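Biologist: Could you put the model up and walk me through how the protein meets the DNA?

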Number of protein chains: 2
Amino acid sequence: MNVRSADDLTTRARIRDAAVVRFGRDGFRVGLRAIASDAGVSPGLVIHHFGSKERLRGECDAHVRRTIREVKAEAITQWSPGQILGEMSNAAEYAPLVGYVVRCLLDGGALAAEFVEGMVADAAAYLEEAVDAGTVRPSSDPPGRARYLIATTVGMLVIAQLEADAGRGVSPTVDPAGALGQMWQTVLLPGLEMMTDGLLTSSDLLDEYRTAMAGDPSP
Amino acid sequence: MNVRSADDLTTRARIRDAAVVRFGRDGFRVGLRAIASDAGVSPGLVIHHFGSKERLRGECDAHVRRTIREVKAEAITQWSPGQILGEMSNAAEYAPLVGYVVRCLLDGGALAAEFVEGMVADAAAYLEEAVDAGTVRPSSDPPGRARYLIATTVGMLVIAQLEADAGRGVSPTVDPAGALGQMWQTVLLPGLEMMTDGLLTSSDLLDEYRTAMAGDPSP
DNA sequence: CAGACGACTGAACGAGTGTTTAGTCTGGTG
DNA sequence: CACCAGACTAAACACTCGTTCAGTCGTCTG
């Protein structure tokens, strides 16, 4: 117990890391036997250490949560919130974590909701700073705008995962992190265009919506 | 066989419809017994009609695909592509289909990839028309822009599903379609703002990217 | 050295799954 | 009527899953 904090390569930690990788790559449906095999261990030992598969996943969640928080803390000044996952996927060390988070997103656990809310909060803070600095336009609904932008990131993660899964049968070497990077390249230019000039040529739609909401704000 | 096309309420169709609803609400992990029970039928009969659970899902896919194509065909002139799912979720008749599609998106089957590509293609066509009509700005990468916009829609679907799942324990009456509608309301104003004015106050970032790409277009 | 404790394994258990099988009921046909 | 094909069911089968259990090994302790 006292050794674990100093040397994080105990069997227990090895099982946990193997579980994160397996969960991230194959989803949460994988059997304990596959995880145990990856860790070079018997299925019974996994239960011996973690009590149940659910508690194993709980520790994986906590571990991923903690790691992301650390990376985020030291990177908050460098990148925009939406890019954190992209940058993490570039570092091979953190690539499995990205896969794990995407799986959580698809599976819909508590970590997923918390992760999305965290991204939204980060984006809101980041946008507020940028608005104060004068580089980003102010919005009449800052939290809503943050949600809107994070939705785009989440959608790209999901679509990248979709294509990574689809290509797995043909070329098993396709990894979600690579697919995500490719995805970023594809939409970076259109995204920038969208962010600088917008999409519409006139403000008619926005004006219509605003006057409609002024008359009847209920829907 | 000749009866089925005239009257679509054969036992076979009833099982298929029950499967679509169950798959959409609980995901593809639900057992055949639950589906059979919903259809008022024994588990064996499901196999008798469809051969296997996988083939049952295949017929569900085909049915959803066909229905969406029909709805799309008669609605293509009215709504923008991203709104089709939203409008469908309002019609109670089609609400289960929306849930099914979202589940496919999360599960990552062939229908999911096809569905996303279909939405992207629709969005691209819709945007091209709008550009010609002068209501939407031209883009230097129209397909990329379509992908970017559809990613936002997909992300909102996923997040809405996330929150619908999270609230299920507290209030089981929350349906994905309702969550989706609520989601739309939340981000409609910020989305419109974004589309009319953009996000950034200057074109520095875009210009930087363009000059960088002009010098080294490889990455 | 004796004893105890924790890591660890291999085999088994019980519950769940999709599927099979034997058999019943029903409606139409010669 | 006899017959039969198909819809349909109840029970069982085969398999996988998470989990349990009895027991072995090595190490530390008194």
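Modeller: One term first: a polar contact here is a pair of N or O atoms within 3.5 Å, and within protein one must be able to donate a hydrogen and the other to accept it, while residues adjacent in sequence count only if both atoms are side-chain atoms. By that rule, a polar backbone atom of Ser42(B) is 2.8 Å from a phosphate oxygen of DNA strand D.

Biologist: What should I know about the source and the numbering?

Modeller: This is a predicted model, in which local features need pLDDT (the predictor's confidence in each residue, from 0 to 100) of at least 70, side-chain atom pairs count only at pLDDT 80 or more, and totals for chains, interfaces and linings use all residues. Residues are numbered from 1 along each chain as its sequence is written, chains are lettered from A and ligands numbered from 1 in the order in which they are written, and side-chain values use heavy atoms, with hydrogens and water left out.

Biologist: Back to strand D, which residues come nearest?

Modeller: Counting a residue as near if one of its heavy atoms lies within 4 Å, there are 16 around DNA strand D, and Leu32(A), Arg33(A), Lys53(A), Thr11(B) and Ser42(B) come nearest. Sugar and phosphate make up 55% of the strand D atoms that come within 4 Å of the protein.

Biologist: Which phosphate contacts does His48(B) make there?

Modeller: An N or O atom in the side chain of His48(B) is 3.1 Å from a phosphate oxygen of DNA strand D, and a polar backbone atom of Leu32(A) is 2.7 Å from a phosphate oxygen of that strand.

Biologist: And strand C, where does Arg33(B) reach?

Modeller: The side chain of Arg33(B) has an N or O atom 3.0 Å from a base nitrogen of DNA strand C, whereas Leu32(B) places a polar backbone atom 2.8 Å from a phosphate oxygen of strand C. On chain A, a polar side-chain atom of His49(A) lies 3.2 Å from a phosphate oxygen of strand C.

Biologist: Changing topic, how are chains A and B related?

Modeller: Superposing by least squares on the C-alpha atoms of residues with pLDDT of at least 70 in both, a rotation of 180° with 0.0 Å of shift along its axis brings chain B onto chain A, with an RMSD of 0.1 Å. That is the relation of a two-fold axis.

Biologist: How confident is chain A?

Modeller: Chain A averages a pLDDT of 85, and 82% of the residues score at least 70.
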